[in-house]
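Trainee: Could you take me through one part of this model up close? I'd like to hear about the way the helices pack, and whatever sits alongside that.

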Amino acid sequence: MGNYQNAGAGLKKMFVAEIGAIACTVVMIIPIIGWVVGGIGAIVFAIISLIGLAAVGKDIEGCKQAFTLTIVNIVLSVLGSLFAKVAVISVLISIAENVVTFLIVYLVCTSVGAVLQANNYADVAAKGETVWKINLVCYAASIVITILSKIPLLSVLAGIVSVIVGIALIVAGILYMIFLYKSYQAFGA
């Protein structure tokens, strides 16, 4: 497909990193050893994902922007850790992280989807559209949950809704992996 040699290889790295991140989460169930191995693995797979996103960004402008937002999200995560005990700041940082995380998924899905659409892979592009729309609902709900959880009378409701959103995010994550897989195959990687 055209001049997208970097995109296919990069999308494949992103797919592998998503699988690896899930494996690390499962390994972290094991006390102590799992936390260490899973934590180190999560860092390694995050780096692989960044490398993949940077490669895709060489060919697809939206993914270059997603890469930049990923760096912003890392900074927000560090700030969130530093200000975890300051309620107002931690809520604002959490909201910002949700917005940025959604924008990353949106940019990857729409920019890769546009290239796929232009190259007669409308079915794969449609999967990307579904992914970002599910993520939009989930991240909007996560922002509401973050705010509700700080209101004592509504914190139980926030907990219930967070379980539902968590399940929807798992579905969205699986669909995102399918999108990455089909995308890198369409690019011939």
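Mentor: Here's a walk through the helix packing, followed by a few local details. Bear in mind that this is a predicted model.

Let's start with helix 1, residues 5-27, and its contact with helix 6, residues 155-186. Their axes come within 8 Å and cross at roughly 150 degrees. That angle is over 145, so helix 1 and helix 6 count as roughly antiparallel to each other. The crossing is left-handed as helix 1 passes helix 6. On the helix 1 side, the contact is made by Gly8, Leu11, Lys12, Met14, Phe15, Glu18, Ile19 and Ile22. Helix 6 brings Tyr176, Met177, Leu180, Tyr181, Ser183 and Tyr184 to that contact. Sort the residues of this contact by class and you get 10 nonpolar, two polar and two charged.

Helix 1 also packs on helix 2, at an angle of about 165 degrees and with the axes 7 Å apart. Helix 1 and helix 2 are therefore roughly antiparallel to each other. Here too you're looking at a left-handed crossing, with helix 1 passing helix 2. The contact of helix 1 with helix 2 has 16 nonpolar, nine polar and three charged residues.

Follow helix 2 (residues 33-59) and you get to its packing with helix 3: the angle is about 150 degrees and the axes are 6 Å apart. The crossing of helix 2 and helix 3 is left-handed. Helix 2 puts Leu50, Leu53, Ala54, Val56, Gly57 and Asp59 into this contact. From helix 3 come Glu61, Cys63, Lys64, Ala66, Phe67, Thr70, Ile71 and Ile74. By class, the residues of the contact between helix 2 and helix 3 are nine nonpolar, two polar and three charged.

Two of those helix 3 names, Glu61 and Lys64, are worth another look. They form a salt bridge, with the closest N and O atoms 3.6 Å apart. Both residues lie in helix 3, residues 61-82, and they're three residues apart, about one turn of the helix. An α-helix has 3.6 residues a turn, so residues three or four places apart point the same way. The structure holds two salt bridges, counting the Lys64–Glu61 pair.

Now over to helix 4, which takes in residues 87-118. It has 32 residues and reaches 46 Å from its first C-alpha to its last, close to the 46 Å expected at 1.5 Å a residue. Just after helix 4, Asn120 takes a positive phi of about 65 degrees.

While you're on helix 4, find Ile95, which lies in it. Setting aside neighbours within four places in sequence, Ile95 is in contact with Ile143 and Ile147. The C-alpha atoms of Ile95 and Val144 are separated by 8.9 Å, and those two residues are 49 residues apart along the chain.

Note on methods. Residues numbered from 1 in each chain as written. Predicted model: local features only at pLDDT ≥ 70, side-chain atom pairs only at ≥ 80, totals over all residues. Heavy atoms only, no water. Axes fitted to C-alpha atoms, helices over the stretch in contact; angles between N-to-C directions. Helix = DSSP H or I, 4+ residues; strand = E, 2+ residues; numbered from the N terminus. Parallel < 35°, antiparallel > 145°, perpendicular 65-115°, else oblique. Left-handed = near helix turned anticlockwise from the far one by under 90°. Contact = heavy atoms within 4.5 Å. Nonpolar A, V, L, I, M, F, W, Y, C, P; charged D, E, K, R; others polar. Expected span 1.5 Å × (residues − 1). Salt bridge = Lys/Arg side-chain N within 4 Å of Asp/Glu carboxyl O.
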